[in-house]
Amino acid sequence: MVNDHKQTEGHSLHISSYKDHLITLAVLIFLTVLTVAVSVYGGGMGAVSVVLALTIASIKALVVAAYFMHLKFDHKMYRYMVMIVMFMFVVFMLILSLDYSNR
Amino acid sequence: MEHATGFVLPNSGHNRDAEASKMGMWLFLFTELLLFGGLFLVYMVYRLLNAADFLKASHELNIAMGTTNTIVLLVSSMTIAMSITAIQKGNKKLSIILLISTIALSMVFMVIKYFEWSAKIHHGLFPGLEAYNALTPGESLYFFLYFFMTGLHALHVIIGAIFIGVVIYRTQKNRITAENFSLTENAGLYWHLVDLIWIFLFPLLYLIH
């Protein structure tokens, strides 16, 4: 895959190819089918299936953020901002669940 | 007193800043995380406290419709990402076609959502209706969150579609070009956020059994 690089004012340009976007979509649809299959045919796994569903959802979110939202190719600042915000959200979630599971 | 003449900004008429524009969009997306993140936390806590009821209530949802909608949104995310590629390469016509496809897919999503909601409302599961009032507290919490979260998400789908409509108009008028496509990128970011939220709503509401 060859990517064009050029510089115009304010845009540091990496142009994702149509083919890259198609591949990204194929990966996302595969993960969707996988998570539905695990849920429908993998009954009785209890907590494991919830963890698996959320793990697959997180991978899908990462793929969307990195390729469709262009984080992989943009200035690193955006990546750090997203990482800080997500880190804070996860900490919030953990503390809240600790709180409620110990009442 | 100085007169207001004779002073011209060094770069007047030339002060676009694509990076600042994109950063502003990202900051806005973080406020959306506060909105939906709060709801996800509410869901998490009530799910912890009412695991069995949530499980039982989630069986009312139609996985086939949910899966179709997930794929519809993923495809629409690809079409808007491709429309950015098209405008960057100077292909105005293709960019507009891809943006129109994105709006069309958002309508498909809303129609499927309409049928899902109508079925639930028909069964009286909307907050306030008879079947809803007869539910156990845990189940009614599940349906309340179902309607609230998918409803708020659907509102974002509508706003996103309007945003994309504005982008189409501006592209048509040549105000968005291969040198100035920040608005297309920002509409893309917003649309991908709508997709991201659905990526988590789908397993949490439909696939928890």
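Here a trainee and a mentor talk through contacts, burial and salt bridges in a predicted two-chain model.

Mentor: Ground rules: this is a predicted model, where local features need pLDDT of at least 70, side-chain atom pairs count only at pLDDT 80 or more, and totals for chains, interfaces and linings use all residues. Residues are numbered from 1 along each chain as its sequence is written, chains are lettered from A and ligands numbered from 1 in the order in which they are written, and side-chain values use heavy atoms, with hydrogens and water left out.

Trainee: Okay, why is Asn186(B) called buried?

Mentor: Buried means under 20% relative accessible area, exposed over 50%, and partly exposed in between, with a 1.4 Å probe and protein chains only. Asn186(B) has a relative accessible area of 7%, so it goes down as buried. This residue lies in helix H7 of chain B, residues 182–206; helices are DSSP runs of H or I with at least four residues, strands are E runs with at least two, and both are numbered from the N terminus.

Trainee: What is Asn186(B) in contact with, leaving aside neighbours within four places in sequence?

Mentor: Ser21(B), Lys22(B), Met25(B) and Phe163(B), where contact means heavy atoms within 4.5 Å.

Trainee: And what makes Lys173(B) partly exposed?

Mentor: Its relative accessibility is 49%, and the in-between class runs up to 50%, so partly exposed it is. Lys173(B) sits in the loop between helix H6 (137–172) and H7 of chain B.

Trainee: How do you know that Asp74(A) and Lys22(B) form a salt bridge?

Mentor: The definition wants a side-chain nitrogen of Lys or Arg within 4 Å of a carboxyl oxygen of Asp or Glu. Here the N to O distance is 2.8 Å, so the pair qualifies. The count between chain B and chain A is one salt bridge, out of five over all chains. The pair crosses from the loop between helix H2 (47–68) and helix H3 (76–101) of chain A to helix H1 of chain B.

Trainee: Buried or exposed, those two?

Mentor: Asp74(A) is buried at 8% relative accessible area, and Lys22(B) counts as buried at 8% too. Asp74(A) and Lys22(B) also belong to a salt-bridge network with Glu185(B).

Trainee: Why does the Glu139(B) and Lys56(B) pair tie together parts far along the sequence?

Mentor: Glu139(B) lies in helix H6 and Lys56(B) in helix H2 (residues 51–58) of chain B, so the linked parts are 83 residues apart in sequence. Their closest N and O atoms are 2.8 Å apart. Glu139(B) is buried at 7%, whereas Lys56(B), at 53%, counts as exposed.

Trainee: What makes Lys113(B) and Glu116(B) about one helical turn apart?

Mentor: They are three residues apart in helix H4 (residues 92–122) of chain B, so about one turn separates them. Their side chains meet in a salt bridge at 3.5 Å, N to O, and both residues are buried.

Trainee: How much area do chain B and chain A bury between them?

Mentor: About 4500 Å², 76% of it on carbon and sulfur atoms; buried area is the accessible area (1.4 Å probe) that two parts lose on being put together, summed over both. In residues, 52 of chain B are in contact with 46 of chain A.
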